[in-house]
Each structure stands twice: as C-alpha cells, then as structure tokens.
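Work through the following exercises with the sequence and the structure at hand. Try each task before you read its solution.

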Protein chains: 2
Amino acid sequence: LQVLVIGGGDGGVLREVGRHSSVEQIDICEIDKMVVDVSKQFFPEVAIGYEDPRVTLHIGDGVAFLKAVPKGTYDAVIVDSSDPIGPAQELFEKPFFQSVANALRPGGVVCTQAESIWLHMHIIEDIVANCRQIFKGSVNYAWTTVPTYPSGVIGFMLCSTEGPSVDFKNPVSSIDTNTDYNKARGPLKFYNPEIHTAAFCLPAFAKKVIDAKAK
Amino acid sequence: LQVLVIGGGDGGVLREVGRHSSVEQIDICEIDKMVVDVSKQFFPEVAIGYEDPRVTLHIGDGVAFLKAVPKGTYDAVIVDSSDPIGPAQELFEKPFFQSVANALRPGGVVCTQAESIWLHMHIIEDIVANCRQIFKGSVNYAWTTVPTYPSGVIGFMLCSTEGPSVDFKNPVSSIDTNTDYNKARGPLKFYNPEIHTAAFCLPAFAKKVIDAKAK
C-alpha cells in the first residue's frame, strides 16, 4: 500500500501508519520544516515515525504537491491539518478534495481533519456536502475525544473513491492484530475495536445535519 | 417505577426521567435550595423538570435521606453530584453506595457521576472497586462528552443489585420510542441508540484498569 500524509509534521500519524506491515511506502508533505525539527528535538516519542525506512519527507505545500501527483498513485491519503482559517483554509475546499480524489486509486480512501461537532457544525455541513460531491464511494463522519482540543473532541471525514466499496465502520483487518509491526513503538494506548465503532456513533443533532448532506 | 434523584437540583435529570411514562414517582433530594431557585429563575427550560406532578422535592442531605429510606423502595437511583472534594465527597464512598444498594429493590439500578477517564483514573479505579463490592448485579462504566467540563468528558457508574439481571448495554425499551411521554419538552437533541452503545466503548488504557477492578 502507498500512503500519503498531508501535514502531520510532528510524525505522530507516520508512527501509527507505520504499525501496518501492509504499507510499503509513506510519503509526507509538510509545509513547515520547523514543525518537523521541533518535534524531533522535543517530542522524540512522536517524531519516531520518521525513523521508518518507508517514509519520505517532502517539505512544501500540500495543495501543490497533490496537484502534481499522477492519477491513482495512492491507496490512502491522510490530511492532518489545522483549522480552516489562514494557511490550512485551502485544505477544506473543493479543489483540494478533487486533487485528493485524483491522487487515489479506485476505492482508495481519505481521512481528513473535520472539526468539532460542538463548535463547527456549519463548517462540517459544508465539508460533508463537498465530500459527497467529490468522493463517489462512501462518505462518513467520525469523531473522538482529545482533551486538549477546544470542546474536547475532534472529527474526521472518511471517504472512498468510486471503485471497490469501502465500509469504514467494519474494517477488513482486525485493529488489534493488524498493529503488530514495529512493536518497539509500544502497544496502542487509546485505539481499539470498540473505540473504532464508537467513533461513527453521532449525537442526534449532528446525525440529522450530516445524514442530510451525505445523502 | 419509583425513581430517586440525589443532587440534580437544576431539574435537568428530572426533565429527562419525566419523559418515561413507566415512571410513577420521582423523589429528588437536593442539599442546596438556592440551586433549585436559581435554576427556576434563570434556566426555565432545565427547571421545567419540576413541573411534573410525579416529582417531590426534598431539600436536605442525600446521605441522610438514603439512610432513612426503607429497604427496596426504589427501582432506580440517579446520583447527579459534583466532584468528590468537599460537600460531595461522601457520595463517592462505600457507606453511601451501601445505602443506595439497600434503597433499591432486587435488580434495581443506580447511575452515579463517575468523573473523567482523562483526569481521574485513580478515582475511577476506587469507585469501580467499591461498586463491585457493593452491587452484586452488573457493574459498568460509561462515558460521554460534555464540552464545558474539564477534559471535555464525564463518566458514569451504572450498576444493578442482586436480582433480575440488568444488561445496561442493551436496553429493554427502545430509546427512541420510550421517550414519547411529555412531548412538550421537545425531542432529544443528543441521546439516541447509537450514543447509548458508544458510551460503553472505552479506550484501551481505561478498559484495562476498569475491567481489572470490575471482575
């Protein structure tokens, strides 16, 4: 599998992607080299993701990087971005999602940062509507808790392109047994099959808005 | 069904208990009358719970109230308390849980405030151990998100007494159809069957500690 990470300069997403032995290549495009350097210096247990020989770091603009990617290159794209104000704004807009879809093989998957249901339902509504137009496979919203984030939660859009169908709620590989690669990184402290299932369970108010836009 | 609420002076728990037509009597014991008065004045949409004719308000100490309750009086006890520091400390200790168990009929259920897995695992560990000793039916920990609470989440202990077995994860009555009573209060904005299921899904680090103490 070929994986692309946009943002995620701290290396944490790399560390977690690296647990999977099915992954052959991990490209990362981070706009700010200082994020990488600071993480390596002060958060070595996060930046350990860079030590994986499958990782290639590209310092640059993710939007431009994606535009240059040949069609159907990646199996998965993970967008680990900041909020849609300022530098990361383009990462929430339709042309960007279109570039992601082009870069994915048929049935390829994308996971993008998609804000908090407590604070940003109006933004989420737009993201879901955009994704529904661009990604012709499945379109899902999931969320989890992060105590240091405003409102204590964060969300994700999980979409697949037209092709072999992808059921995000029921992973093909078991979460517990598929993470044996690179054991030196230690066992998962948070994620497990129950948490994966729970991530797709939405409160009534959010479900109403998201289901309306996703259909 | 006979229900007792300890704390919960704002009336919000009363409002939600009142949705269920199977409930015949709702006693509430709140230590601070000013909480009730302030809620009625400034949060009428929460304090509306008091308008239910099945509700009887007792102003007083919940610990003393429970000690005086004849054995087997209630079908459900809900403890809507503050943190275990200062006035609410006793509500997290073994003698209080013993009083709750005595006040419940065989197979009766209790729901008590049980802190945040992000901040208070050491407290939760003790609560679970105490509940396991006192409640001889099922002992469960559940959690949900509340954006205004520290760390953005809050937890609950859900236990049953010895008697007919209670499976909290799979409610006997459907959550959606069992809340038709008193429609004037409006539809549920947050809670639904998916959210109920998700509440029992714990992160690996919490599951490890809680399962060890619950068994």
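**Exercise 1. Find which residues of chain A are linked with A:Arg15 in a network of salt bridges, and describe the network.**

Step 1. Begin with the rule: a salt bridge is a side-chain nitrogen of Lys or Arg within 4 Å of a carboxyl oxygen of Asp or Glu.

Step 2. In this predicted model, local features need pLDDT of at least 70 and side-chain atom pairs count only at pLDDT 80 or more, whereas totals for chains, interfaces and linings use all residues. Residues are numbered from 1 along each chain as its sequence is written, chains are lettered from A and ligands numbered from 1 in the order in which they are written, and side-chain values use heavy atoms, with hydrogens and water left out.

Step 3. Apply the rule to the pairs: the side chains of A:Arg15 and A:Glu16 form a salt bridge with an N to O distance of 2.9 Å, and A:Glu16 forms a salt bridge with A:Arg19, with 2.6 Å between the closest N and O atoms.

Step 4. The network therefore links A:Arg15, A:Glu16 and A:Arg19, by the rule that defines a salt bridge.

Step 5. Now consider accessibility, where buried means under 20% relative accessible area, exposed over 50%, and partly exposed in between (1.4 Å probe, protein chains only). A:Arg15 is partly exposed because its relative accessibility is 22%, and A:Glu16 is partly exposed at 25%, while A:Arg19 is buried at 4%.

**Exercise 2. Determine whether A:Arg54 is buried or exposed, and find which backbone oxygens its side chain reaches.**

Step 1. Locate A:Arg54 in the loop between α3 (44–47) and β3 (55–59) of chain A; helices (H or I, at least four residues) and strands (E, at least two) are DSSP runs, numbered from the N terminus.

Step 2. The relative accessible area of A:Arg54 is 12%, so this residue counts as buried.

Step 3. Look for polar contacts, which are pairs of N or O atoms within 3.5 Å; within protein, one must be able to donate a hydrogen and the other to accept it, and residues adjacent in sequence count only if both atoms are side-chain atoms. A polar atom of the side chain of A:Arg54 lies 2.7 Å from the backbone oxygen of A:Gly18, and the side chain of A:Arg54 also reaches the backbone oxygen of A:Val23, at 2.9 Å.

**Exercise 3. Check whether the span of helix α6 of chain A agrees or disagrees with the expected span, and list its buried residues.**

Step 1. The expected span of a helix is 1.5 Å times one less than its number of residues.

Step 2. Helix α6 (residues 121–134) of chain A has 14 residues, so it should span 20 Å, and its end C-alpha atoms are 20 Å apart, which agrees.

Step 3. The buried residues of α6(A) are A:Met121, A:Ile124, A:Ile127, A:Val128, A:Asn130, A:Cys131 and A:Ile134. When you look at such a list, remember that an α-helix has 3.6 residues a turn, so residues three or four places apart point the same way.

**Exercise 4. Describe the interface: how many residues does each chain give to the contact, and how many salt bridges cross between chain B and chain A?**

Step 1. Contact means heavy atoms within 4.5 Å, and here the contact takes 21 residues from chain B and 21 residues from chain A.

Step 2. Buried area is the accessible area (1.4 Å probe) that two parts lose on being put together, summed over both. Chain B and chain A bury about 1700 Å² between them, with 70% of it on carbon and sulfur atoms.

Step 3. The rule finds 2 salt bridges across this interface, and one of the salt bridges in the model joins the side chains of A:Lys207 and B:Glu194, at 3.1 Å from N to O.

Step 4. On the side of chain B that touches chain A, the elements that give two or more residues are β6 (139–145), α7 (193–199) and α8 (204–214) of chain B.

**Exercise 5. Find the sign of phi at A:Glu115 and at B:Glu115, positive or negative.**

Step 1. Most residues other than glycine have a negative phi, and most peptide bonds are trans.

Step 2. Phi of A:Glu115 is near 65°, a positive value in a residue other than glycine, and B:Glu115, which is not a glycine, has a positive phi of about 65°.

Step 3. A:Glu115 is found in the loop between β5 (104–113) and α6 of chain A, and it is buried because its relative accessibility is 1%. B:Glu115 lies in the loop between β5 (104–113) and α6 (121–134) of chain B, and at 2% relative accessibility B:Glu115 counts as buried.
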